[in-house]
Amino acid sequence: MAVPLSQMFTVTKYVLTQKLKGVKRYPLVLMLEPLFRCNLACAGCGKIQYPDHVLDKRLTPEQCWGAAEECGAPIVSIPGGEPLIHPEMATIVKGLIAQRRYVYLCTNAILLERKLDEYPPSKFLTFSVHMDGLRDEHDLAVCRDGVYDVAVRAIKAALQRGHRVTTNTTLFDDANPERVRQFFDEMMALGVEGMMISPGYSYQKAPDQQHFLKRERTRELFSRILGKPKPGWQFNQSPLFLDFLMGRREYQCTPWGNPTYNVFGWQKPCYLLQEGYAKTFRELIETTAWNDYGTERNEKCADCMVHCGYEASAVEDTFGTLSGFSRTVKLTLSPTSR
Amino acid sequence: MTDIKQHSPAPQPASLHGRVFTPHSAADLAEAIELAFDYRGDVTISVRTGEVICGYLFNREVSTGRSWVEVFPASHPDARRVYYDEVATIAFTGEDTANGKSWDAWVTKKESERKREAAEVTSQAQARGHL
């Protein structure tokens, strides 16, 4: 089982509490971006394309803790930029753990081995290492040779110290399914707790037919990758989200499920689109025109099948429908039954 | 997952770097502000009082009251609010940090050019103490 029972219990309790309270829009994962500065410059990465004075801005620990308290999500994902560049990252993580939140620190792992002493192992902390494929594919994706080997060394070191480690992988249409399956084997052989995968987000103004084909291609790719899963593969994400990627379930986006807070404020409407910023989480929830976003509602969303929009939809399906719940239980207990 | 790559093969629009907009109507102003909001570089806003604000325009709100933009000035840590009706001109003065940085542009570059750029990024990160 890729996700520890205590974490499953926390998320289950949280979702059921929101449902009992009648909360229509609740966050599951806070996407906390304490900085945009990175020590890589992956081509096309929209998160790092800012002037230097913006890249030099940092959220303070107090701002990070306040954002987590304000939105109340049980899980905090810390992407960036590269979080380990932030000089107060260990303090930020410590404070979030003190709030008993499950923290996923997303890192390219270049600095991880050097910084491990600053992070005591905890069931609340997971290093989610960015790995976009086997050595050739990963080094090409991050536009620097040698990064794959550094990341593998850091994963081994973190595991040796008793840390929870997962990988996160973004796949595009040009991915080779067989190579991706080999990559899964390699990551599981390292001993990681689980893997997280998502299609990349690419938006271009194109006729609807092209959008449809794009989604079809994404489904085909993930069906080829995830069909006949190997017994050793573990995924640190909702099994229904993987069903969705394979075209076996249809979802609408849940953009408020993974709200994003960064140096600009609360990002409207989601982690990927930047339509403006709210000062508070409440303002984000109350003033965003949520019905304007999602597949078939907005051209910018037409191709999107990304985890930050649809994983929360999958979780909602688990707790909101009998078929979703039974399928989740089945795939959790027997992942190869897919 | 930290990366959002623009793998689109579509041609990237030409950069606005160097352009100056002097809006003559509310519609012109709204259009110029939308362009500035999407721009990944600093802009210089000349305010009707004669003040000049150079920075990154990261937010805007169109309202039935006074619409506004928010700017992180390049030389000051705190965000600054400027109302639409105060704006005289908007110049796209800072480098467009997104221009030519698509995935497609990267893979079509020559191997030697990619290596040179990668070395440059590495050296900058080292200089900042981030490696």
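Modeller: Let's fix our words: helices (H or I, at least four residues) and strands (E, at least two) are DSSP runs, numbered from the N terminus. This is a predicted model, where local features need pLDDT of at least 70, side-chain atom pairs count only at pLDDT 80 or more, and totals for chains, interfaces and linings use all residues. Residues are numbered from 1 along each chain as written, chains are lettered from A and ligands numbered from 1 in written order, and side-chain values use heavy atoms, without hydrogens and water.

Biologist: Where is Gly81(A), then?

Modeller: Gly81(A) sits in the loop between strand 2 and helix 4 of chain A. The peptide bond reaching Gly81(A) from Gly80(A) is cis, with omega near 10°. Another cis bond links Lys268(A) to Pro269(A), with omega about -10°, and Pro269(A) belongs to strand 8 (residues 265–269) of chain A.

Biologist: What makes Ala109(A) worth pointing out?

Modeller: Its phi is near 75°, a positive value in a residue other than glycine. Most residues other than glycine have a negative phi, and most peptide bonds are trans. Ala109(A) lies in the loop between strand 3 and helix 5 (112–115) of chain A.

Biologist: Why is helix 3 of chain A called roughly parallel to helix 4 of chain A?

Modeller: Helix 3 (residues 61–71) and helix 4 (residues 89–98) of chain A pack at about 30°, with axes 9 Å apart. Since roughly parallel means under 35 degrees, these two helices of chain A get that name. The angle is taken between N-to-C directions, from 0 to 180 degrees, using lines fitted to C-alpha atoms over the stretch in contact.

Biologist: How do you know which residues of helix 3 and helix 4 of chain A meet?

Modeller: Contact means heavy atoms within 4.5 Å. By that test, Pro61(A), Cys64(A), Trp65(A) and Ala68(A) of helix 3 meet Thr91(A), Ile92(A), Gly95(A) and Leu96(A) of helix 4. The contact has six nonpolar, two polar and no charged residues, with Gly counted as polar.

Biologist: At what angle do helix 7 and helix 8 of chain A cross?

Modeller: Helix 7 (residues 147–160) and helix 8 (residues 177–190) of chain A cross at roughly 35°, their axes coming within 10 Å. Tyr148(A), Val152(A), Ile155(A), Lys156(A) and Leu159(A) of helix 7 touch Glu186(A), Met187(A) and Leu190(A) of helix 8. Six of these residues are nonpolar, none polar and two charged, and Lys and Glu are of the charged class.

How values were computed. Angles under 35 degrees count as roughly parallel, over 145 as roughly antiparallel, 65 to 115 as roughly perpendicular and the rest as oblique.
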